[in-house]
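Work through the exercises below with the sequence and the coordinates at hand. Each task is followed by a stepwise solution.

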Amino acid sequence: MTILHTLKNRRSIHTFKKINIPSDILKDIFTYASYAPTHYMTEPWELIVYQDEGKSSFIQSILSSYERIGMIKLNNEPKAVKMKESMRDFLMDIPHHVLIYFDRKQDQIRYEEEYAAVCAFIQNAQLAAWEYEVGMLWTITPYMHDPLFARDIGLGENVKIAAVLQVGYPKSIPRNKGRTPIEQKIKFITE
């Protein structure tokens, strides 16, 4: 594949085969991702890959956060129990959860530079993964903004969780929904 083909044909994947991706392939994908532009070569991204039984405590931390922030009821009513079980099963079926974070900078400009670099890293990872026939879903969810969640998974208080990538071999690939013609988004100033 060419990079232009990959840029145009990569899709966000929502359902995955229940097959783990070999660690060497994941390392290759994230090695390619690390060639993202980064101000002052800080390479701010840090990754934690949750897989196999390592997903259990991560998923429990997600569910606990959802209870704290009110997305899941704290009671043991059948509906709440079923919702938790359903969420746990759904998350356990995803082969890999890759949490991507970076140290939060106090200086707003440096913070934005670091965040932009991490986002470029994430996009590079998605493109590299597609070359390996691996799918990803870039998620930004409410638990990422829960300071107690970061503590529960062992991160310090001074980190920004940028994303959690759901990663695996695609069970199905969504159709191309097209894009708005760039002519509707671009302006050329010539004078």
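The exercises go from the overall fold to single residues and charged pairs.

The model is predicted: local features need pLDDT of at least 70, side-chain atom pairs count only at pLDDT 80 or more, and totals for chains, interfaces and linings use all residues. Residues are numbered from 1 along each chain as its sequence is written, and side-chain values use heavy atoms, with hydrogens and water left out.

**Exercise 1. Overall description**

Task: State how many helices and strands the protein has and in what order the elements run.

Solution.
- Step 1. Assign the elements as DSSP runs, numbered from the N terminus: helices are H or I with at least four residues, strands are E with at least two. The protein has 6 helices and 4 strands.
- Step 2. Read from the N terminus, the elements follow the order α-α-β-α-α-β-α-β-α-β.
- Step 3. Along the principal axes, the C-alpha atoms fill a box of roughly 65 × 40 × 35 Å.
- Step 4. Take contact as heavy atoms within 4.5 Å. Among contacts with a separation of 6 or more, 82% come from residues 24 or more positions apart.
- Step 5. Buried means under 20% relative accessible area, exposed over 50%, and partly exposed in between (1.4 Å probe, protein chains only). Of the 191 residues, 39% count as buried.

**Exercise 2. The sheet**

Task: Determine the strand order of the sheet and find which strands lie at the edges.

Solution.
- Step 1. Two strands pair if DSSP finds at least two bridges between them. The 4 strands form an open sheet with the order β1-β2-β4-β3, and the pairing is antiparallel.
- Step 2. β1 and β3 each pair on one side only and are the edge strands.
- Step 3. From one strand to the next the twist averages 25°.
- Step 4. The antiparallel pairing of β3 and β4 covers 5 bridges. Met136 stands opposite Val167 in β4.
- Step 5. Place two helices on the sheet, with axes as lines fitted to C-alpha atoms (for helices over the stretch in contact) and angles from 0 to 180 degrees between N-to-C directions. Helix α2 lies across β1, β2, β3 and β4 at about 155° to β1, and α3 lies across β1, β2 and β4 at about 110° to β1.

**Exercise 3. The two sides of α2**

Task: Work out which residues of α2 are buried and why they fall on the same side.

Solution.
- Step 1. In α2 (residues 23-33), the buried residues are Ile25, Leu26, Ile29, Phe30 and Ala33.
- Step 2. These residues share one side of α2 because they cover an arc of only 130° around the axis. The arc is that of the directions from the helix axis to the C-beta atoms.
- Step 3. The spacing follows from helix geometry: an α-helix has 3.6 residues a turn, so residues three or four places apart point the same way.
- Step 4. Lys27 and Tyr32, on the other side of α2, are exposed.
- Step 5. The buried residues of α2 pack against β1 (46-51), β2 (96-103), α5 (108-131), β3 (135-139) and β4 (159-168).

**Exercise 4. A lysine without a partner**

Task: Decide whether Lys55 is buried or exposed, and find what it touches.

Solution.
- Step 1. Lys55 belongs to helix α3 (residues 54-68).
- Step 2. Count Lys and Arg as positive and Asp and Glu as negative, leaving out His and the chain ends. A salt bridge is a side-chain nitrogen of Lys or Arg within 4 Å of a carboxyl oxygen of Asp or Glu.
- Step 3. Lys55 is buried and has no salt bridge; Asp52, the nearest side chain of opposite charge, is 6.3 Å away.
- Step 4. Leaving aside residues up to four places away in sequence, Lys55 touches Tyr50, Leu91, Met92, Ile94, Pro95 and His97.

**Exercise 5. Salt bridges**

Task: Count the salt bridges and describe the pairs formed by Asp93, Lys84 and Arg151.

Solution.
- Step 1. The structure holds 6 salt bridges.
- Step 2. Asp93 pairs with Lys18, with the closest N and O atoms 3.6 Å apart. This pair links distant parts of the chain, 75 residues apart: Asp93 is in helix α4 (residues 78-93) and Lys18 in the loop between α1 (3-9) and α2. Asp93 is partly exposed at 37% relative accessible area, and Lys18 is exposed at 65%.
- Step 3. Lys84 pairs with Glu67, with the closest N and O atoms 2.8 Å apart. Lys84 lies in α4 and Glu67 in α3, so the pair ties together parts 17 residues apart in sequence. Lys84 is buried at 14% relative accessible area, as is Glu67 at 19%.
- Step 4. Arg151 pairs with Asp152 at 3.2 Å between the closest N and O atoms. Arg151, Asp152, Arg68 and Asp146 are linked in a network of salt bridges.
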